[in-house]
Amino acid sequence: MKPQNKPLITELFTADPSAHVYEDKIYIYPSHDIPHNGEDNDNGDEYQMEDYHVFSMEEGSDEVTDYGMVLHQTQVPWVSNQMWAPDCVFKNGIYHLVFPARDKDGIFRIGIAEGKNPAGPFTPRPDYIPGSFSIDPCSFIDDDEKVYIYFGGLWGGQLEKYRTGTFDPNGAEPEKNEHAVWPKVGLMKDDMSGFEKEPVDVVILDENGNELLAGDEDRRYFEDPWMHKHNGKYYFSYSTGTTHYIVYAVADNPYGPFTYQGRILEPVLGWTTHHSIVEYHGKTYLFYHDCEISQGINHRRNVKYCELEYNEDGTFKTITPEYN
Ligand code: FUB
């Protein structure tokens, strides 16, 4: 597999790639952007995705297989619209497509659709995960087989509306000198039927052990969580949104607190930046998106990937996207 810095999928607009290795292939679970002419706004109304496709690629080939549409919003009883960034988790012999969407009241929830194969098709559960909210679910299976779901996104993703513990339609971001809004992590029940306990905050600290502040937009969490483990450490990576970085923080357990480390990816072409990290045949790859094909139209994105390298001390070599 030759790392590349060009759009991986050109037939469709794809974004938010979650990559996993199943059956010795890399499977990619992205959003499917729709090329409408709507305006951008801070509520994310331009991201009107309706369905999911699954893709795979394997060693020795640049070919990407598109398995076609594996789930459409009309199949999911609780969904009204906006099927955003999905992920997949293999547990108990079932592939669980985990995805956020707005419910019939316009509130983002997280649902699960189940399949026997990594390429789907997936059968949606009739209702969303009880107690789920906001967007960008990322699943992580620890060495003890426990499954965690990290999630949350500001603005269109509604995360700041839960600062009091319940949904407040007028909920706003904290003052700049208050601690940032934290993403959430929920431990799943072993049968994947729901959260074992109520999701809790994922706290991110600076190098002095102080909580990152809401005004620290170069480092604070905005959306796009990803979790992976390397040499026994838990790496929590995410997008800073308004400053467009993919950054990471490290802890010695899946709940944190995590300590901020640095940047993984400098800003790409387009407002959003979103990623996943996967190990395959001894190398680490970063999957991400930008707007190269559309030349910067924010809701017409394309997935890319490149190799991601660690330094000897376990930090990452920062990647700077290159454009001609
Ligand atoms: O694709 C819609 C939203 O854009 C995702 O949920 C965010 O992470 C951002 O990529």
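User: What makes the approach between H274 and the ligand a polar contact?

Analyst: In this predicted model, an oxygen atom of the ligand is 2.7 Å from an N or O atom in the side chain of H274. A polar contact is a pair of N or O atoms within 3.5 Å, so the value for H274 qualifies.

User: Which distances put D16 and R301 under that term?

Analyst: For the side chain of D16, an N or O atom is 2.5 Å from a ligand oxygen. For the side chain of R301, the distance is 2.8 Å. Both values fall within 3.5 Å, so both pairs are polar contacts. As for cover, the ligand on its own has 280 Å² of accessible area, and the protein covers 99% of this.

User: Why are M49 and W84 listed around the ligand?

Analyst: The ligand is surrounded by residues that include M49, W84, A85, I135 and D136. The cut-off is a heavy atom within 4 Å, so M49 and W84 each meet it. By class, this shell holds four nonpolar, three polar and four charged residues.

User: Which pocket does the ligand take up?

Analyst: The space taken by the ligand is the second largest pocket.

User: Why are β14 and β15 called edge strands?

Analyst: The open sheet has five strands in the order β14-β18-β17-β16-β15, and its pairing is mixed. Strands β14 (204-205) and β15 (223-230) each pair on one side only, which makes them the edges.

User: How do you know that β16 and β17 pair?

Analyst: Pairing requires at least two bridges, and β16 (residues 233-239) and β17 (residues 246-251) have six, so they pair. Their sense is antiparallel, and Y234 stands opposite A251 in β17.

Conventions:
Residues numbered from 1 in each chain as written. Predicted model: local features only at pLDDT ≥ 70, side-chain atom pairs only at ≥ 80, totals over all residues. Heavy atoms only, no water. Polar contact = N/O pair within 3.5 Å; in protein donor to acceptor, adjacent residues only side chain to side chain. Areas by Shrake-Rupley, 256 points an atom, 1.4 Å probe, with all protein chains shown as cover. 1 Å grid on protein atoms, 1.4 Å probe; cavity = no way out; pocket = protein on both sides within 12 Å on 5 of 7 lines; lining within 4 Å. Sits in = over half its atoms within 2 Å of the grid points. Nonpolar A, V, L, I, M, F, W, Y, C, P; charged D, E, K, R; others polar. Helix = DSSP H or I, 4+ residues; strand = E, 2+ residues; numbered from the N terminus.
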